[in-house]
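Let's walk through this model together, from one strand out to the whole chain and then on to a metal site. Keep the viewer open as you read.

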Amino acid sequence: MCNPQHRRDVGAYALGVLGAADTFRFDEHLEGCPLCAGGVVELSGVAAALGRYARLTPPGVAPLVRAGPGLVRRAVEVVAAARRRTRRRRLAVVAAAVVLAAGVSFAAPGGGRGSDRWTGADRGSGMTAVVTAGAREWGADVGLEVSGVPERAVCSLVAVGRDGDEETVATWSSAGPGEAPLRLNGGAALRPGAIARFEVRTTAGRRLRLTR
Ligand SMILES: [Zn+2]
């Protein structure tokens with residue numbers, strides 16, 4: 001059952017500042033709670049932005065922002081405000097997360113002639129992914145096939161443009177070891193030719209780079 005403490009823990013979990021024991025318990029809760037899983041998906045963009053900021057901060061320079069309860073509270077407030085504005089979209093995101101958590105597969109990656117292809121494999125974990133992207137008037141029709149995500153996590157597929165811009169193409173929940181290969185489709189505003197690479201990122205901090 002979802003309780004108010006779970007709702008409070010979503011932010012800390014998404015930002016990776018929940019303690020190890022609480023993270024373990026929250027992982028278990030996420031498995032059966034689409035509401036909290038949707039919350040983690042919504043906050044994954046904030047977590048990614050903070051991670052990027054941390055990576056860009058040279059060693060020895062004190063960061064302007066530190067992860068902690070105050071930051072988590074503010075991040076959750078920002079997301080809550082955005083959520084009120086885009087309630088319909090949020091429901092779509094949650095619906096997608098629920099469908100994917102239930103293991104529903106979508107059409108095979110949008111392959112066919114004229115599509116670009118990116119692949120990535122992680123020898124350590126055995127995780128692999130293939131992305132195809134076909135040019136459309138509006139950008140790129142993106143298909144993903146991923147297997148071997150080694151832990152239960154909320155995952156996102158991110159397109160990284162040649163100019164360094166990033167776009168989240170799709171998000172889903174991975175059931176962890178033993179999960180069947182997952183296929184899903186998404187869209188990007190970037191044309192395939194403008195995409196330098198893709199990355200699969202998980203809330204467990206894993207990152208798989210896909211190159212052409
Ligand atoms: Zn919950």
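Which residues of β8 are on its covered face, and which are on the uncovered one? Leu208 and Leu210 make up the covered face, while Arg207 and Arg209 make up the uncovered one. In a regular strand, side chains alternate between the two faces of the sheet. Strands here are DSSP runs of E with at least two residues, helices are runs of H or I with at least four, and both are numbered from the N terminus.

Before going further, a word on the ground rules. This is a predicted model, in which local features need pLDDT of at least 70 and side-chain atom pairs count only at pLDDT 80 or more, whereas totals for chains, interfaces and linings use all residues. Residues are numbered from 1 along each chain as its sequence is written, and side-chain values use heavy atoms, with hydrogens and water left out.

Stay with β8 for a moment and pick out leucine 210, which lies in that strand. Leucine 210 is buried, because its relative accessible area is 0% (buried means under 20%, exposed over 50%, partly exposed in between, with a 1.4 Å probe and protein chains only). Its C-alpha atom is separated by 4.2 Å from that of glycine 120, although the two residues are 90 apart along the chain. Setting aside neighbours within four places in sequence, leucine 210 has contacts (heavy atoms within 4.5 Å) that include Trp118, Thr119, Val130 and Phe198.

Now zoom out. The protein chain has 5 helices and 8 strands, and along the sequence they follow the pattern α-α-α-α-α-β-β-β-β-β-β-β-β. Of its 212 residues, 38% are buried. Among contacts between residues at least 6 apart in sequence, 59% join residues at least 24 apart.

The strand pairings can be followed one by one; two strands pair if DSSP finds at least two bridges between them. β1 (residues 115-121) and β2 (residues 128-136) are antiparallel, with 7 bridges, and threonine 119 sits opposite valine 130. Their hairpin has 6 residues between the strands, and glycine 126 there takes a positive phi near 80 degrees. β2 goes on to pair with β3 in the antiparallel sense over 9 bridges, through a hairpin of 2 residues. In that pair, threonine 128 faces serine 147. β3 is also joined to β6 by 7 bridges, again antiparallel, with aspartate 141 opposite glycine 187. Finally, β7 and β8 are antiparallel over 4 bridges. The hairpin between β7 and β8 has 4 residues, and glycine 205 in the turn has a positive phi of about 90 degrees.

What do these strands enclose? The largest nonpolar core (a set of buried Ala, Val, Leu, Ile, Met, Phe, Trp, Tyr and Cys residues joined through side-chain atoms within 4.5 Å) has 25 residues, and Val142, Leu157, Trp172 and Phe198 have the most contacts inside it. Elements giving two or more residues to this core are β2, β3, β4, β5, β6, β7 and β8. The largest share, 4 residues, comes from β3. Apart from this core lies another, of 14 residues, among them Tyr13, Leu30, Val40 and Val41.

Alanine 140 is found in β3. Alanine 140 counts as buried because its relative accessible area is 0%. Beyond its neighbours up to four places away in sequence, alanine 140 touches residues including Ala133, Gly187, Pro192 and Ile195. The C-alpha atoms of alanine 140 and proline 192 are 5.8 Å apart, with their positions 52 residues apart along the chain.

Last stop: the metal. Cys2 (SG), His29 (NE2), Cys33 (SG) and Cys36 (SG) coordinate the zinc ion at 2.1 to 2.3 Å. Donors are N, O and S atoms within 2.8 Å of the metal (3.2 Å for Na, K and Ca), and water is not among the atoms, so sites may look incomplete. The sequence spacing of the donor residues is C-x26-H-x3-C-x2-C.Why is the arrangement tetrahedral? The 4 donor atoms subtend angles of 103 to 118 degrees, and four donors count as tetrahedral if all angles lie between 85 and 135 degrees. Cysteine 2 is partly exposed, because its relative accessible area is 30%, whereas cysteine 33 and cysteine 36 are both buried. With a disulfide taken as a pair of cysteine sulfur atoms within 2.5 Å, the count comes to 0.

Methods: Tetrahedral: all angles 85-135°; square planar, octahedral: opposite > 155°, others 65-115°.
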